Amino acid sequence: MTVRVRFAPSPTGYLHVGGVRTALYNWLFARHHGGTAVLRIEDTDTEREAEGAVDQIQRSLDWLGLEFDESPRTGGAHGPYLQSERAERYAAAVARLVDEGHAYRCFQTAEELEAARARARHTDDPAAPTRLHRDLTQEQIARFESEGRPAVIRFRTPLEGETVIEDDVRGRIAFEHRLLGDTVLMRPGGRPTYQLANPLDDMAMEITHVIRGEDLLPSTPRQKLLVEALGGTFPTTAHLSMILGTDKKRLSKRHGAASVEEFRAQGYVPEALVNFLALCGWSWDGETEIMSLEELIERFTLERVNPAPAVFDHQKLAWMNGAYLRALDADAYAAGLRRHLAEDGSPLADDPRLPALVPMVQEKLGAFGEFDALVGSLLEERAPEPDAWAKLAGDDNAARVLDAAIAALEPLEPFDAEQVEAALRGVCEQLELKPRQAFGPIRIAIAGSTVAAGLYESIAFLGRDAALVRLRHARSAVTG
RNA sequence: GGCGCAUUCGUCUAGGGGCCUAGGACGCCGCCCUCUCACGGCGGUAGCACGGGUUCGAAUCCCGUAUGCGCUACCA
């Protein structure tokens, strides 16, 4: 059997990390088995749909490097892949279900339903309100119709027995039919609900494995019943745990960055995000952490997916991103940095001196977004940090250190990092100061900050004239 | 309330009856390296939710409790 999986987000906004992990596991599973990955957009609830969300989801998946074989963009034999374009299929299925007695019209108003639910809530049959119109007489139907009451279509769930799900992540789970209730399949206007559209499309698209969030586990027996009523075979399921914030609540905007776009904007690389998310609920041997996409494909199995929820650890992601950045070769690093600065709208993006800075920053940055704060002041004139400047003014050695540094650097030839180092070490000896004492004022003068890239390299990068201008400017700010 | 899922260091996890004196990673702490910050190296801190069983033996199997989360929509 050829594996076919799908990632089926609803276009309600940016793709968040929970969705990415679901997409990733689906994709890895498909690639591991040489199967097909389908991207289907579940836009049956037009009211919740966000403008541009479909494009956004596609863009995010592209950036992550998760290419789906069939999607709204690529098309395919099982399309269309937008549920909003599949209306007639849902209508046909519903007509058949009603014909065969598997579904029926329910005329209850929202108020009636709500009142019934309130009454039934603490009884031993809390699902009873959903099946009140399950056996209407012709007379009752005629009366509701003459009143012009709108009807929804409900599925006729068996009253007895149970449905068993054999989940690849969680094992055997049984659900009592009596507690399921009669699911609404279609709204009055003919718009399908998720409970209809989702399993129907999985059937039509010949999906073999449904890998999705645990939040959908309770609706699984309903969908299985529906598929079987239609004569189909329900796919194997694998329900993934939720990704939580540090407060153990489902991850959301409140917890800080949670969407692909935010991580991208901060200068994270997709490989790191993918690697990290792969490890959020799955592991290879419990030891190996850094894995390429190829290795993940090779090693991923549902068997090793952890059923317990996972707290999203920003710090570990940040560490991993830094590890990925450090592993980049200089050209790739420069290219990635340039791309980040350009997307950020930074004027530094086009600076031809960027490659020269790479060796100075590569082991220091956890994300490209930190670049500007570290060395932006070397590329353009910046006001020094007030705290650093104050520290300079309060340093008793500042005046003589700066004087000596200026004297030592002025005649230096050639003006490279090696020579700068020799000169500055000479300054230390001459003044009988330790490097950590003497270099403080010089660093502030050069970088405008107490935290910066390497001092010798920074000075060499600036060149003699610019470096001297900065040192003299700092000298004028201190007395003595 | 009902139904369902889950429960190993602060966090992600390894572990599927004896190999566990519970391993790895992030974080944190200390030391080393060092021009700041990082990187790197070395060391340390810290965990099987609780209670019953089953067994010669349980982190591992069973039951219960507690806690957390999800669902209980004409959202998905």
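**Exercise 1. Identify the polar contacts that K248, E214 and R250 make with RNA strand B, and describe the surface around the strand.**

Solution. Begin with K248, where an N or O atom of the side chain stands 3.2 Å from a phosphate oxygen of RNA strand B; a polar contact here is a pair of N or O atoms within 3.5 Å, and within protein one atom must be able to donate a hydrogen and the other to accept it, while residues adjacent in sequence count only if both atoms are side-chain atoms. This is a predicted model, in which local features need pLDDT of at least 70 and side-chain atom pairs count only at pLDDT 80 or more, whereas totals for chains, interfaces and linings use all residues. Side-chain values use heavy atoms, with hydrogens and water left out, residues are numbered from 1 along each chain as its sequence is written, and chains are lettered from A and ligands numbered from 1 in the order in which they are written.

Next, take the contacts to sugar or linking oxygens of RNA strand B: a polar side-chain atom of E214 lies 2.8 Å from one such oxygen, and for R250 the corresponding separation is 3.3 Å. Elements giving two or more residues to the surface near the strand are β4 (152-155), β6 (171-176), α7 (194-204), β11 (310-311), α12 (314-327), α19 (435-447) and α20 (455-462); helices (H or I, at least four residues) and strands (E, at least two) are DSSP runs, numbered from the N terminus.

Then consider the whole neighbourhood, where a residue is near a strand if one of its heavy atoms lies within 4 Å of it. There are 64 residues around RNA strand B, and R170, R187, K249, K364 and R443 come nearest. Of the atoms of RNA strand B that come within 4 Å of the protein, 70% belong to sugar and phosphate.

Finally, sort the surface by class: 25 residues are nonpolar, 13 polar and 26 charged, where Ala, Val, Leu, Ile, Met, Phe, Trp, Tyr, Cys and Pro count as nonpolar, Asp, Glu, Lys and Arg as charged, and the others, Gly among them, as polar.

**Exercise 2. Describe the backbone at K248, E206, P80 and P414.**

Solution. Start with positive phi values: K248, a residue other than glycine, has phi near 70 degrees and lies in the loop between β10 (243-244) and α9 (260-265). E206 is likewise not a glycine and has a positive phi of about 55 degrees, its place being the loop between α7 and β8.

Turn then to the cis peptide bonds, of which one runs from G79 to P80 with omega near 0 degrees; P80 sits in the loop between α2 (53-64) and α3 (87-99). Another joins E413 and P414 with omega about -10 degrees, and P414 belongs to the loop between α17 (398-409) and α18 (417-431).

**Exercise 3. Characterise the largest pocket and the largest cavity.**

Solution. The search uses a 1 Å grid over the protein atoms alone: a cavity is a set of points where a 1.4 Å probe fits but cannot get out, a pocket is an open set with protein on both sides within 12 Å along at least five of seven lines, and lining residues have an atom within 4 Å of a point. Grid points are joined across faces, edges and corners, and a volume is the space filled by probe spheres set on the points.

For the pocket, the volume is about 1200 Å³, and 45 residues line it, with S10, T12, H16, D215 and R250 nearest its centre. Helix α1 contributes the most to this lining, four residues, and the lining divides into 15 nonpolar, 16 polar and 14 charged residues.

For the cavity, one of 30 Å³ or more is counted, and the largest cavity holds about 40 Å³. Its lining consists of F155, T183, L185, Q195, R222, Q223 and L226, with helix α8 (residues 220-229) giving the largest share, three residues.

**Exercise 4. Locate the salt bridge between D202 and R6.**

Solution. With a salt bridge taken as a side-chain nitrogen of Lys or Arg within 4 Å of a carboxyl oxygen of Asp or Glu, the structure holds 33. In the D202 and R6 pair, the closest N and O atoms are 2.8 Å apart. This pair links distant parts of the chain, D202 in helix α7 and R6 in strand β1, 196 residues apart.
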